[in-house]
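User: I would like to go through the labels attached to this model one at a time. For each, please set the value against the criterion and then conclude.

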Amino acid sequence: MGLFRSGQGDAVIVDPGLSKQVRETVRLLARQHPQVLTDPSAPLPRTAGFDYGRLALAARGFLISVVLATAVAVGLSWGMPRLMAAAQPDAKQPDFFQPMIVSMCVLVVIISAALELLRARVDGGRAAVARHLAEARGHYLLPGRDLDRVTWASAVRARRALASVAASTYLLTSVDGPDHKGLAGSFWLLAQDMASSHSSAAMDSFAAAVEVYLADIEAADAISLTPTRSGPDKQRHEQAIERANAAGRHAIALATAT
């Protein structure tokens, strides 16, 4: 499902011919630093090597660590001297005990913070983001710059349909495996054509074809769930599979027909 994403918050269309890492970097930059995609001369921010979404989760994890470490430090500082006094009433309590507990908890918090930052860091850091950005130049389309409101809405409709097809066939389906690369390639070709022609007609037709493909997949899968799979039911199921496969081939062929 890497070529199609169920979320529609990605304000960019990326060439599926790029590697997965490069595509993910472009999507990350579109969410966090869109200026570097629109302006090639814009400097890459120092924080480009971090995923803000993961950084928010890391901050939450760090706060939990602080709370737990504080609770442990308070509990040990309060409880251990009393336990030692109960065990040896005449013994003098060591002066280093509480500072040692606090130091250990602070060390745990520092290690936790470092680990959470590593989790939020993009693989390869800012240098990898810069390489991926250079590789992706000219291989993505942006709303407002390349596509207007109408053509972008058409692209979002098609992408939503493609994501639904990927989701419905991800685990188990009775139809032949969808040609996700072929569908992604068709979508990219139509998006490029739409950016140059400023017409959404071809993309609208593609989106409608993918929606028909999705409906045929769901219909075939619904028949496959019926308890009886012989005679007319089996024949009806085979016909539904063929309809779905034909709809998928038709959707892919629309790109070459433009």
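User: In the protein chain, what share of the contacts with a separation of 6 or more comes from residues 24 or more positions apart?

Analyst: This is a predicted model. In the protein chain, 73% of the contacts with a separation of 6 or more are between residues 24 or more positions apart. A contact here means heavy atoms within 4.5 Å.

User: Which elements does the protein chain have, and how do they run from the N terminus?

Analyst: There are 9 helices and 2 strands in the protein chain. From the N terminus on, the order is β-α-α-α-α-α-β-α-α-α-α.

User: What percentage of the residues of the protein chain count as buried?

Analyst: The figure is 38% of the 258 residues. The cut-off for that label is a relative accessible area under 20%. The protein chain exposes about 14,500 Å², and carbon and sulfur atoms supply 62% of that area.

User: Why is L189 called partly exposed?

Analyst: Its relative accessible area is 46%. Buried needs a value under 20% and exposed a value over 50%. L189 at 46% meets neither condition, so the label is partly exposed. L189 lies in helix α7, residues 180-197. Its C-alpha is 8.9 Å from that of D15, with the two positions 174 residues apart in sequence numbering.

User: Which residues of α7 are buried?

Analyst: The buried residues of α7 include L183, F187, W188, L190 and M194. Also among them are G182, A184, S186, A191 and A195.

User: How do you know that the span of α7 is close to the expected one?

Analyst: α7 has 18 residues, and the expected span at 1.5 Å a residue is 26 Å. From first C-alpha to last, α7 reaches 25 Å, which is close to that.

User: What makes the phi of H198 worth noting?

Analyst: H198 is not a glycine, yet its phi is positive, about 60°. Most residues other than glycine have a negative phi. H198 sits just after α7, in the loop between α7 and α8.

User: Is H198 buried or exposed, and why?

Analyst: H198 has 55% relative accessibility. Exposed means over 50%, so H198 counts as exposed.

User: How do you know that the length of helix α8 agrees with expectation?

Analyst: Helix α8 covers residues 201-224, which is 24 residues, and at 1.5 Å a residue these should span 34 Å. The end C-alpha atoms of α8 are 35 Å apart, so the two values agree. Buried residues in α8 include M203, F206, V210, Y213, L214 and I217. D216 and D221 are also among the buried residues of α8.

User: What covers the buried residues of α6?

Analyst: The cover includes β1 (13-14), β2 (140-141), α7 and α8. Among the buried residues of α6 are W152, V156, R159, L162 and V165. Helix α6 takes in residues 149-168 and has 20 residues; its reach of 29 Å is close to the expected 28 Å.

User: Why is R131 called exposed, while T70 is called partly exposed?

Analyst: R131 has a relative accessible area of 53%. That value is over the 50% cut-off, so R131 is exposed. T70 has 44% relative accessibility. That falls between 20% and 50%, so T70 counts as partly exposed. R131 is found in helix α5, residues 125-136, and T70 in helix α3, residues 52-87.

User: How far in space are R131 and T25 from each other?

Analyst: They are 9.7 Å apart, C-alpha to C-alpha, and 106 residues apart in sequence. For T70 and V106, 36 residues apart along the chain, the C-alpha separation is 8.8 Å.

User: What lines the largest pocket, by class?

Analyst: The lining has 8 charged, 3 polar and 2 nonpolar residues. Of the 13 lining residues, Q21, E24, T25, R54 and V122 lie nearest the centre of the pocket. Helix α1, residues 20-32, supplies the largest share of the lining, 7 residues. The volume of the largest pocket is about 280 Å³.

How values were computed:
Residues numbered from 1 in each chain as written. Predicted model: local features only at pLDDT ≥ 70, side-chain atom pairs only at ≥ 80, totals over all residues. Heavy atoms only, no water. Helix = DSSP H or I, 4+ residues; strand = E, 2+ residues; numbered from the N terminus. Buried < 20%, exposed > 50% of the residue type's maximum accessible area, 1.4 Å probe, protein only. Areas by Shrake-Rupley, 256 points an atom, 1.4 Å probe, with all protein chains shown as cover. 1 Å grid on protein atoms, 1.4 Å probe; cavity = no way out; pocket = protein on both sides within 12 Å on 5 of 7 lines; lining within 4 Å. Points joined across faces, edges and corners; volume = space filled by probe spheres on them. Nonpolar A, V, L, I, M, F, W, Y, C, P; charged D, E, K, R; others polar. Expected span 1.5 Å × (residues − 1).
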